[in-house]
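Trainee: Could you take me closely through a single part of this model, including the strands, what lies across them and the loop beside them?

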Amino acid sequence: MEIINEMNEIWINYALLFAALCFLSILKSNYAILQKSILSTTISDGHSDLEKEENKFIHNARQKPNIIVIIADDMGWNDVSFHGSNQIPTPNIDALAYNGVILNSHYVSPLCTPSRATLLTGKYPTRLGLQHSVLLHAEPRGLPLNEKLLPQYLKEAGYVTHAVGKWHLGYYKKVYTPTYRGFDTFFGYYNGLQDYYTHISAELSELKLEGFDMRRNLSIAWDTLNKYSTDLFTEESVRLINSHDTKDPMFLYLAHLAPHSGNSNNLLQAPDEEIAKFGYIHDPERRTYAAMVSKLDQSVGEVVAALRNRGMLENSIILFISDNGAPTIQILSNHGSNYPLRGIKETPWEGAIRGVAAIWSPFIKKSKRVSNQLMSIADWLPTLLSAAGLDKSQLDKIDGLDFWETITENRTSPRTDILINIDDIGNYAAIRYGDFKYITGDTGSNDEWIGESGKPSEKFGFPPEYDPNQILQSKAGIAIAGVITAQEVIESRRRRSVGVEDYINKEFQRMMLTTDHLLDLRKKSEIKCNIREEDMIKCNALLAPCLFNIINDPCEMINLAESKPHIVALLERAILKHRFNIVKPINQKLDHLANPSLHNNTWISWGDIENLNKTIELMNHLQNKDFVKYPGVLVAAISILIGIFILGIITLFALACGKQCKIKNRRDIPKNKRNLITVKNVNEIERYSISNNEDQNNTTTNDLITK
């Protein structure tokens, strides 16, 4: 019996043990389920923002890209720090360039108006009649109205289009102004320059006219007085981005005044606190110019950051270019530097036409590189239309070529040559064909290698060392890093969802800009001449054509015309081919009716005023003693007329006196008061003469009767 009881206790213990094991197993299972549930909830909450980012990228993939074009005015090749100079740091512009594609062979026109016209039409200036000079303040002309512009194409495709800053493509009639040429809004100025604070624009012709030039659409923007132009254009651009309906694609054309000079009486202007940052630059004018460039760089950072904050940067293309090189010297010098390139603005040398250029977009697959492929400013119209997915077959015959795949995938350039210009009034022509460049005619006197190198020296100063962290921590650098990181997270989550554990996307790791990569790109984008002075072969294009191998000799120091006559002949035939498409220059004489003093001291579309009203206003103005300055021809004509009038009066008096003397010598004046006639004025001379003759005739008749 005892044995049975012991056996029962054993079985009971086994049963209890079994029950305990079952309970522990159930508890473990439930704990795992609970833990998974809690983890799932945590992940769900933690990834809510990432899901929004993912949805944003998915949405953007179905939408046309935002297109942002930022233009620097008269910026020198050596005035961005990604080209190798430490003198003027441009961290935001550098961040765009290093993260995108640096375009080291991007060619523009030598002057403002032709470059901007080519950018917006895709045609060389020679085909627009804009090959000679810029558009002057009082010139009654503009970019021909039969040309369809980039914003017009984009607007038809559903883009919201904005122009901010400089126009310089005509305004003498309203139909030439931005809101009539494809832009929904315009905030900026019509002419080529203005004072950075007063916004007065003064022209340099013999008329010496000046007036207020700042508008919001067609209305005068008086509220901008005494506000710095660069800040105004930045604030307007940020405002447009912040108020934009992201369901629609945006085209923002931001054409800065900086670093172009102001009016001739106050060329260089920047806030004191900005100038103070560049005390290491010895030349005070170069120091002020550096501050102007720095404000421009900050503007780029503000715009990029605003796009990121609105969730638009993930679906944007940002292009930064200069319209031409710097005018280091001359009347409107801004003290910019095209070093080490030859020449300055308004010449066919590389310093004028090889412009600063870089492009960034998340759609560029082969980014973070330097491109030396030949590209023209004319190529942007078809390239940006292609990027927007638009049909380019609608384009008329243009000179621009589609570079979108060349840029995004590093494919071979479709371009073999670029017509720099044919200006028969200025008497010069130039073309780039393959590795070679041909120049003939009058290239002006500014054909030397001038401008500061930016290197430390006793003469120019000792700039601080280049700091890559400034680029990485700039507003543009941070915004772009944020976009890349968000893309990387989405891709990593996608890989994990299909069972790839502990996945690290090395492709995205390569996309993140590093200090080493940054410095390597900077080194590759720097141009060096590498020509000894004793090896130079000089040229005078006015006497004979010049030929240079730009690949081997980017600084144009060795003239190969004599050693390669067959290349010279080839390029001359290329220029001759372009001559068949030349349109006669449309330059016009200055119109006095543009005078701002006729229009409340503002520059307006004077060509829209009725002719009669214009004539009345002009005549009233000519009577005003406060008139600024009469034209020389008018002054001469009025002087001649006044002189003739005075001479006539003197002659009449002389004749009157002569007749009176003759009459006194011939006979005595009768003493009878009845016959006495006193000559009181010139008009009575004739009466006296007639009366005297009548008395003589009466006397003769009486004598005959008596006889």
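Mentor: The following account begins with the sheet and ends with one residue in a neighbouring loop.

The model is predicted, so local features are described only at pLDDT of at least 70 and side-chain atom pairs only at pLDDT 80 or more, whereas totals for chains, interfaces and linings use all residues. Residues are numbered from 1 along each chain as its sequence is written, and side-chain values use heavy atoms, without hydrogens or water.

The part in question is an open sheet of four strands, arranged in the order E15-E16-E17-E18 and paired in the antiparallel sense. Helices (H or I, at least four residues) and strands (E, at least two) are DSSP runs numbered from the N terminus. Two strands are said to pair if DSSP finds at least two bridges between them. The edges of the sheet are formed by E15 (417-423) and E18, each of which has a single partner strand, so one side of each is left without a neighbour in the sheet. From one strand to the next, the twist averages 10°.

At the E18 edge, the pairing can be followed to individual residues. E17 (residues 436-441) and E18 are joined in an antiparallel pairing over four bridges. Within this arrangement, Lys437 stands opposite Phe548 of E18.

Helix H16 lies across E15, E16 (428-433), E17 and E18. Its direction is about 110° to that of E16, where axes are lines fitted to C-alpha atoms (for helices, over the stretch in contact) and angles run from 0 to 180 degrees between N-to-C directions.

Between E18 (546-549) and H16 (565-579) runs a loop, and Leu560 is found in that loop. Is Leu560 buried or exposed? Leu560 is buried, because its relative accessible area is 16%, and buried means under 20%, exposed over 50% and partly exposed in between (1.4 Å probe, protein chains only).

Which residues does Leu560 touch, leaving aside those up to four places away in sequence? They are Phe436, Leu547, Phe548 and Asn549, with contact meaning heavy atoms within 4.5 Å. Phe436 belongs to E17, while Leu547, Phe548 and Asn549 belong to E18. Phe548, touched by Leu560, is also the residue that Lys437 stands opposite. Leu560 may also be placed relative to Cys539: the two residues are 21 residues apart along the chain, and their C-alpha atoms are separated by 9.2 Å.
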